[in-house]
Structures are given as C-alpha cells and as structure tokens.
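Student: I've got a model open and I'd like to talk it through. Can you walk me around?

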Amino acid sequence: MFGDFLKRLTQPEPAPLPETDARLALTALLIRVARSDGHYDAAERARVESIAKTRYGLDPAAVAALCENAEQLETEAPDTVRFTRAIKDAVAYDERLSVIEALWQVALADGSRSDEEDALLRLVANLLGVTDRDSALARQRVSV
C-alpha cells in the first residue's frame with residue numbers, strides 16, 4: 001500500500017515531505033517506538049492519538065485514520081536507520097526536537113521505561129541529528 005511513499009522516503013536524497021506525508025511518517029515513528037518493547041497498549045495508542053490531535057489539529061475521525069495508516073506504514077517501513085534518516089533529511093532541526101519530545105511521551109505513556117525503548121530513542125535521536133543532551137532535556141520536559 002505504501003510502496004511509492006516508502007520509495008520516495010528512502011531515496012538517496014529525499015525531497016522535503018509534503019505536510020500530509022510528514023504527518024504519516026512521524027506518526028509511524030511514534031508507533032515504532034511504542035512497539036519497540038513488544039507491547040503496544042491502549043495507553044501508548046492513546047498518547048499517539050493525543051499527540052496527533054494536538055500537533056496537527058485533527059478531529060477524532062482524522063486522527064483514527066492517520067493512526068491506522070501509520071500503524072500499517074510502520075509495519076511496512078524499512079529498518080529504523082533508513083526510515084529515520086529520511087525523516088531527518090525532510091524535517092527541520094527544531095521540528096526534530098519536538099519529535100523527540102513526542103517520542104519520549106509515547107515511550108513513557110505506559111508508566112515505565114524499557115531497555116528497548118531507551119535504546120531505540122538513543123538511536124533515533126542520533127539518527128535525527130539530536131544530541132544526547134537535547135534528548136535528555138526533552139525527556140525531562142515530558143516527565144514532569
């Protein structure tokens with residue numbers, strides 16, 4: 001279903017993503033973090049939906065459709081390195097910082113931090129060009 005989208009996203013020099021594609025890619029990344037510990041529970045899904053609603057100003061039906069598409073995209077997306085690199089190339093640094101905050105919100109949504117989530121967040125932050133310090137500060141901002 002997402003073959004053309006993934007092909008464009010993983011080209012050696014991807015073009016900046018249109019707004020709707022950026023929403024989809026970033027929501028799929030949120031879901032990848034949520035699934036990284038082997039559990040994608042109701043609290044994590046609710047957090048992903050809340051982030052999408054707030055971040056993009058979507059109504060409940062649009063949020064549900066976005067999350068459904070993002071769940072499928074996450075399943076079909078390539079390895080995290082290529083997928084995240086493509087997002088980095090298409091999204092400005094300030095926006096990537098807010099993405100890290102959103103990723104931490106999802107990782108912490110179930111009330112615990114797993115080693116898998118920590119490892120994936122470190123990898124994703126690095127691949128997005130966000131420093132460990134900025135990622136730690138983002139985690140602190142969403143933990144309070």
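**A chat about the fold**

Tutor: Sure. Going along the sequence, the chain runs α-α-α-α-α-α-α-α. Keep in mind that this is a predicted model.

Student: How many helices and how many strands is that?

Tutor: The count is 8 helices and 0 strands.

Student: And what share of the chain is buried?

Tutor: Of the 144 residues in the chain, 44% are buried. On contacts, take the pairs at least 6 apart in sequence: 78% of those join residues at least 24 apart.

Student: OK, helix pairs. How do people describe packing in general?

Tutor: For two packed helices you give the angle between their axes and the distance between the axes.

Student: At what angle do H2 and H4 cross, then?

Tutor: The axes of H2 (residues 19-35) and H4 (residues 60-76) cross at roughly 65° and come within 8 Å. That makes the two helices roughly perpendicular, because angles of 65 to 115 degrees get that label. The crossing of H2 and H4 is right-handed.

Student: Which residues make that contact?

Tutor: On the H2 side, they include Arg23, Leu24, Thr27, Ala28, Ile31, Arg32 and Arg35. From H4, you have Leu66, Cys67, Asn69, Ala70, Glu71, Leu73, Glu74 and Thr75.

Student: I see glutamates in there. Is Glu74 buried or exposed?

Tutor: Glu74 is buried, because its relative accessibility is 11% and the cut-off for buried is under 20%. Leaving out residues up to four places away in sequence, Glu74 touches Ala28, Ile31, Arg32 and Arg35. Its C-alpha is also 9.9 Å from that of Leu26, and those two residues are 48 apart along the chain.

Student: What about Glu71, buried or exposed?

Tutor: Glu71 counts as buried, at 17% relative accessibility. This residue lies in H4, and beyond its neighbours within four places in sequence it contacts Ile31, Arg35, Tyr40 and Arg45.

Student: Switching to the other helix pair. How do H6 and H8 sit against each other?

Tutor: Their axes come within 8 Å and cross at roughly 50°. H6 and H8 are therefore oblique to each other, and the crossing is right-handed. From H6, Tyr93, Leu97, Ile100, Glu101, Trp104 and Gln105 meet Asp134, Ser135, Ala138, Arg139, Arg141 and Val142 of H8.

Student: Arg141 caught my eye. What does Arg141 touch?

Tutor: Not counting residues up to four places away in sequence, Arg141 touches Glu101 and Asp134. The C-alpha atoms of Arg141 and Glu101 are 7.7 Å apart, with their positions 40 residues apart along the chain. At 43% relative accessibility, Arg141 counts as partly exposed.

Student: Back to H6. How long is H6, end to end?

Tutor: H6 (residues 93-107) has 15 residues and reaches 21 Å from its first C-alpha to its last, close to the 21 Å expected.

Student: Which residues of H6 are buried?

Tutor: They are Arg96, Val99, Ile100, Ala102, Leu103, Trp104, Val106 and Ala107. As background, an α-helix has 3.6 residues a turn, so residues three or four places apart point the same way.

Student: Does Val106 come up anywhere else?

Tutor: Yes, alongside Ser50. The C-alpha atoms of Ser50 and Val106 are 10.0 Å apart in space, and the two residues are 56 apart in sequence. Ser50 sits in H3 (residues 42-56) and counts as partly exposed, at 37% relative accessibility.

Student: And H7, what span should H7 have?

Tutor: With 13 residues at 1.5 Å a residue, H7 (residues 115-127) should span 18 Å, and its end C-alpha atoms are 18 Å apart, which agrees. Its buried residues are Glu117, Asp118, Leu120, Leu121, Val124, Ala125 and Leu127. Just after H7, Gly129 takes a positive phi of about 80°.

Student: Last one, Thr84. What does its side chain reach?

Tutor: The side chain of Thr84 reaches the backbone oxygen of Thr80 at 2.7 Å. Thr84 lies in H5 (residues 80-90) and is buried, with a relative accessible area of 0%.

Student: Which residues further along the sequence is Thr84 in contact with?

Tutor: Setting aside its neighbours within four places in sequence, Thr84 is in contact with Leu29, Val124, Leu127 and Leu128. Val124 and Leu127 came up a moment ago, among the buried residues of H7.

Notes
Residues numbered from 1 in each chain as written. Predicted model: local features only at pLDDT ≥ 70, side-chain atom pairs only at ≥ 80, totals over all residues. Heavy atoms only, no water. Helix = DSSP H or I, 4+ residues; strand = E, 2+ residues; numbered from the N terminus. Buried < 20%, exposed > 50% of the residue type's maximum accessible area, 1.4 Å probe, protein only. Polar contact = N/O pair within 3.5 Å; in protein donor to acceptor, adjacent residues only side chain to side chain. Contact = heavy atoms within 4.5 Å. Expected span 1.5 Å × (residues − 1). Axes fitted to C-alpha atoms, helices over the stretch in contact; angles between N-to-C directions. Parallel < 35°, antiparallel > 145°, perpendicular 65-115°, else oblique. Left-handed = near helix turned anticlockwise from the far one by under 90°.
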